[in-house]
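Visitor: I have a model open and I'd like to learn how to read it. Where do we start?

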Amino acid sequence: MNQTKSIMIVGVGGQGTLLASRILGHAIIRQGFDVKVSEVHGMSQRGGSVVTYVRFGDRVDSPTVDLGQADVILSFEQLEAARYLPYLKKGGKLITNTQQIDPMPVITGAAVYPENLIEKMKDCGADVLALDALSLAEAAGSAKAINVVLIGVLSNFMDFDKDVWNASINECVPKKFLEVNQKAFDLGASYERG
Amino acid sequence: MKQLMLGNEAVARGLFEAGCGVVSSYPGTPSTEITEEAAKYDEIYCEWAPNEKVAMEVAIGASIGGKRSFCAMKHVGLNVAADPLFTASYTGVNAGFVIAVADDPGMHSSQNEQDSRHYAIASKVPMLEPSDSAECKAFAKRAYELSEQFDTPVILRLSTRIAHSQSLVETEPRTELPLKPYEKNPQKYVMMPGMAKKKHPVVEQRIKDLTEYAETCDLNVEIMGDTKIGIITNGPSFQYAREAMGDSASYLKLGMVHPLPVEKIRNFARKVETLYIIEELDDVIERHVKALGIPVHGKDTFPLIGEISQNMVREKLAGEVPDTTALSDDIPVRPPVMCAGCPHRGLFYTLSKNKVMVSGDIGCYTLGALAPLAAMDTTVCMGASISGLHGFNKARGEESESRSVAVIGDSTFMHSGMTGLANVAYNASNSTVIILDNSITGMTGHQQNPTTGYNIKGDPAAKISLEKVCEAMGIRRVQVVDPYDLKTCDRVLKEELAAKEPSVIISRRPCALLKYVKHNPPFTVVSDKCRGCKSCMKIGCPAISMKNGKAVVDQTLCVGCGLCSSLCAFDAFDKGGDKA
């Protein structure tokens, strides 16, 4: 009925999810689709759990992705991947950075960071691609380029032209970081498909 | 080419294209970006006002002065600006005057969930509500036309999902408008009883005229599909409903949410078998429809609380529940925290250690209420910290005065803390007020304010001295501390709590996220020295965690503030960059 594609970008405030969604949004426009990108600003950006919804198709209605609707979840952190797993559509793809960042309840000892999350998500039947995006970003020249590494990985699961991605990165990334980010994208894009 | 624009950015574009000339606002999530984006257009004079009431009065003045004007605020900001709103409804406008108010269903970043449509009803002004960014721009422009055609302020209502969603917008050029002539007209602009009595019937007639307009205007549109289910809806709810039901329902989408049409609703109701109202927060449309004697489902099916979603509509109207996967593990919550190096941390640690009652306020520092600092007892609204503490102390007496403080940020103090401090001085309570001066409006994402010395464009501006304001109000005890200096913070707090007169402590250090703030190299833990006593964990720094019984500092997060080091009895923290 509804041909809208839904992508969620999830992570921890400060990890650079906003740049990832900006690049993705620009790529979608270049590809000629209707698009909506939704995020919540304010409180949630102070190291809290952050989520961006990106939706595209011939006509997009709701700006948000609901439970069981995401074709792809692109996660910057393991716990956040697990948190948003219920949003993944049956047969959807979960791409996650293997990085772990302790939330405050874990830091204070009030809660425990669950173990073997990636295995458990796979056991649930989720199609999970887990990778150490931080190492790839560092190999590209900056730990901050995790976002573009992950966009590179995501590009393998979308039928967009390589030119479209390059042009969007050019448009969204400041000139002085362009080289690092292009390298980061290429490292992500050439990462073995899981 | 169409551009991807945030709803707020699209409102700003609408202001620009409509020839708006003056914008005055106070920041508030989710409305802030409207004014930030408007400030990028050189054709529009933009400013941050100290609060929403001032902002609205500036905009009213600019409208009377002959330029299309605007102010933006979050829903609770409209409470502050309610006073001018109700009487501006009587005076009407000269050039068009538009108010944007952004509601926050789901309370993503707010202290309550009020529905601003009640203000449009109570103040008898029209209210438009867009459903995407293209409508944000179009409705902002239409609001100016309505304002001038019907001689009224017009409210543009947004909600978080519209304000903070990006969708495609076609831009058009600006229509430059000449300054309208100003003519002295006390009958219109001086609202004292004699004049206001003549204006009230005008306001009542205006609402009747606007209802006529609502019957025929293209802001309220029918989208017909299957007629078994008919849905009357507005704002983001329209998007959720349409996604869930597609052509299997018919819609009456209300872009003008006050006043509501009568015949248009009757006509639509006649065409469908079962009628639903899908609206977030209160049952405003539902009450109107029920008053017309039309049977309808609304809040018997959809909640009064929080946001609506496409799944919710699908479940309620089509009985479909999504197939989802979840882990059986408890996933720990990840609440927002004070950033590493946040200057508020040291001060809140001091309050926590001294076990004082803390009358809190609205800002980043409200996070001081969360564990492990847990140093806040109350938070009500902007400015309530100081006045609330005064009342608390008047109720509980002298003993309370030596064990309680108010905390308020620099921007919030300017917004509505000063009047509370005047009350403390005037009505003499020995209250201790702490102004957390981080030299910026923090939580909304770094806006300038009257204490920072810069204006909205980043140009130098008059800088109000907090010390001098306090002294001028008759506060004789004013001390300034650096919140990174825990010893001094502790000493000064104890002194001022003991003092038998009102006092102000200014805790001064710029927000660690400000670009000009230089960070020190990150600290590291000398594993041999760390005894695992967890003293450093009491400050709730996101950069410190315990691994195998020892503290570890995250090198990417630490900004070298040294607070952890000053709490460590074993000298286990090694200052970065010190190593020879």
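**A helix and its buried side**

Guide: In H8(A), the buried residues are A:Asn181, A:Lys183, A:Ala184, A:Phe185, A:Leu187 and A:Gly188. Buried means 20 or more other C-beta atoms, placed from the backbone, within 10 Å of the residue's own (12 or fewer is exposed, in between partly exposed). This is a predicted model, where local features need pLDDT of at least 70 and side-chain atom pairs 80 or more, while totals for chains, interfaces and linings use all residues. Residues are numbered from 1 along each chain as written, with chains lettered from A and ligands numbered from 1 in written order.

Visitor: What do the buried residues of H8(A) pack against?

Guide: First, the general idea: an α-helix has 3.6 residues a turn, so residues three or four places apart point the same way. Here, the buried residues of H8(A) pack against H5 (133-140), H6 (146-155) and H7 (162-172) of chain A. Helices are DSSP runs of H or I, at least four residues, and strands are runs of E, at least two, numbered from the N terminus.

Visitor: How many residues of chain A are in contact with chain B?

Guide: 52 residues of chain A touch 48 of chain B; contact means C-beta atoms, placed from the backbone, within 7 Å. E2(A) gives the most to chain A's side, with 6 residues.

Visitor: Which strand of chain B do bridges join to E2(A)?

Guide: That's E8 (residues 165-169), joined by 2 bridges and running antiparallel. In E8(B), B:Ser165 is the bridge partner of A:Ser38.

Notes. Contact = placed C-beta atoms within 7 Å. Pairing = 2+ DSSP bridges.
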